[in-house]
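Trainee: Got a minute to walk me through this one? I'd like to start with the charged side chains.

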Amino acid sequence: ARTPATASFRPAAAAAGRCFSSGGSIHWSEIPMGPPDAIIGLTEAYKEDMFEHKVNVGVGAYRSDEGAPYVLPCVREAESILMGQNLEHEYSGIAGDPDFVKLSLEFVYGTDSKPLIEKRVAAVQTLSGTGGLRVFGEFLARHGHKHIYLPNPTWGNHIPIFQNAGLEVRKYRYYDTENSDLDYDNMISDIKDVPEGSCVLFHACAHNPTGMDPTMEQWAELSQITKDRKIMVFFDCAYQGFASGNAPQDAGAIRMFIEEGHNLALVQSFSKNFGLYGQRVGALSVVTANDAEKAAVESQLKITIRPMYSNPPRHGARIVKTVLSDPRLTNDFIDQCKGMADRINDMRIKLRGTLEEVGSTHSWEHITKQIGMFAYSGLQKDQVLALRDNHHIYCTLDGRISMAGVTSKNVEYMANAIHEVSK
């Protein structure tokens with residue numbers, strides 16, 4: 001019975017062999033080469049540069065003042081604790097580690113948060129912030145939403161994440177490039193024009209790439225406008241504790257919106273504040289009105305996750321859980337996270353001050369007004385390329401500088417180079 005099938009297969013196999021012998025395949029030869037990732041390409045170019053004083057300020061990962069990757073001591077201690085527990089490596093549930101999720105929600109909403117006390121927050125563990133964004137994007141697309149509004153500019157990955165989830169990406173004005181400041185009046189105007197019921201994404205703190213956040217008074221106005229227009233608010237919280245060094249302060253906008261009655265959605269990442277970049281640790285939560293809504297939303301989040309990645313990894317979540325469940329380790333984390341934020345703020349002051357000292361006639365006030373990992377320098381594309389070609393300093397083409405890559409050893413070199421290309 002198998003003979004005809006075997007015989008009929010041979011011509012195809014021979015044809016496949018002919019394709020392979022000519023240098024292509026019948027399956028893959030028509031696949032076009034994709035464009036390189038901008039950040040990865042930048043890193044590769046930096047690695048190939050043999051210049052002794054080269055500087056990489058393109059990658060969004062913290063570095064010590066020696067320019068080296070930094071592991072928080074509290075994370076090292078948590079890892080030691082976990083190693084002594086002889087833990088198994090079974091699958092987690094679709095929604096992840098429930099204790100980790102509970103602690104994550106308390107970290108961002110506060111232990112006194114009314115929705116948490118009333119147990120009406122649906123939540124799941126996710127593959128860091130990126131995974132949480134994609135899950136929520138697909139959740140929206142499955143349940144009647146056709147579009148989402150993002151700030152312009154925004155983190156570059158936001159746009160393909162939501163487009164690939166099936167949503168049309170629309171933008172609201174956010175940054176005034178001419179004055180290097182928040183474009184608040186136009187932002188408000190655009191938000192007022194958003195159709196009722198639409199989903200609008202806000203960066204909770206340390207806006208990427210601009211580092212420019214609304215004031216609490218401006219957040220209050222945004223809360224009222226979005227509430228009046230029945231807008232679904234979605235916060236992306238990637239830098240809590242890392243932005244100002246004060247985790248409750250960095251969650252101030254989120255907590256205000258909760259207090260004012262928003263049933264918002266929120267994605268958290270523990271990459272930056274815990275330094276767990278490669279562990280992919282995050283959470284996605286949705287504030288609902290009651291138990292029935294919570295159960296329904298959580299069930300649909302799980303349905304979205306199951307065919308996507310089935311369940312999240314365990315190790316990074318265990319690290320965060322170990323730290324946040326121990327008061328002493330939590331206090332250590334707060335101090336260490338503040339240390340990272342303070343170093344970055346010190347470098348902002350030093351970079352601006354040195355630019356002024358070397359005689360730059362431009363205003364660099366925005367460098368110290370901005371907050372978080374990035375400085376939106378205002379450098380133009382040709383100036384960025386001149387920095388790279390003539391001074392071996394690597395940043396993204398929009399002029400975004402990762403302040404984590406600025407150190408006491410290279411800040412003067414950087415300031416002189418920036419002054420040279422921006423004269």
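Mentor: Sure, definition up front: a salt bridge here is a side-chain nitrogen of Lys or Arg within 4 Å of a carboxyl oxygen of Asp or Glu. Keep in mind that this is a predicted model, where local features need pLDDT of at least 70 and side-chain atom pairs count only at pLDDT 80 or more, while totals for chains, interfaces and linings use all residues. Residues are numbered from 1 along each chain as its sequence is written, and side-chain values use heavy atoms, with hydrogens and water left out.

Trainee: OK, how many salt bridges does that rule give?

Mentor: The count is 16. Glu77, Arg328 and Asp332 are joined in a network of them.

Trainee: What about Arg134 and Glu138?

Mentor: Their side chains form a salt bridge, 3.0 Å from N to O. They sit 4 residues apart in helix α6 (residues 128-142), so about one helical turn separates them. Helices (H or I, at least four residues) and strands (E, at least two) are DSSP runs, numbered from the N terminus.

Trainee: Is Glu138 buried or exposed?

Mentor: Glu138 is buried, with a relative accessible area of 18%. Buried means under 20% relative accessible area, exposed over 50%, and partly exposed in between (1.4 Å probe, protein chains only). Arg134 is partly exposed, at 26%.

Trainee: Switching to strands: which one does β3 pair with over 6 bridges?

Mentor: That's β4 (residues 168-173), and the pairing is parallel. The chain gets from β3 to β4 through helix α7 (residues 158-164), a right-handed β-α-β crossover. Right-handed means that, with the strands pointing away from the viewer, the path from the first strand over the helix to the second runs clockwise. β3 also pairs in parallel with β7 (residues 199-203), over 2 bridges; two strands pair if DSSP finds at least two bridges between them.

Trainee: And how many residues of β3 are buried?

Mentor: 5 of its 6.

Trainee: Last one: where is Ser402, and what does its side chain reach?

Mentor: Ser402 is in strand β13 (residues 400-402), and its side chain reaches the backbone oxygen of Val59 at 3.0 Å. At 1% relative accessibility, Ser402 is buried. Beyond its neighbours within four places in sequence, its contacts (heavy atoms within 4.5 Å) include Gly58, Met373 and Phe374.

Terms used:
Polar contact = N/O pair within 3.5 Å; in protein donor to acceptor, adjacent residues only side chain to side chain.
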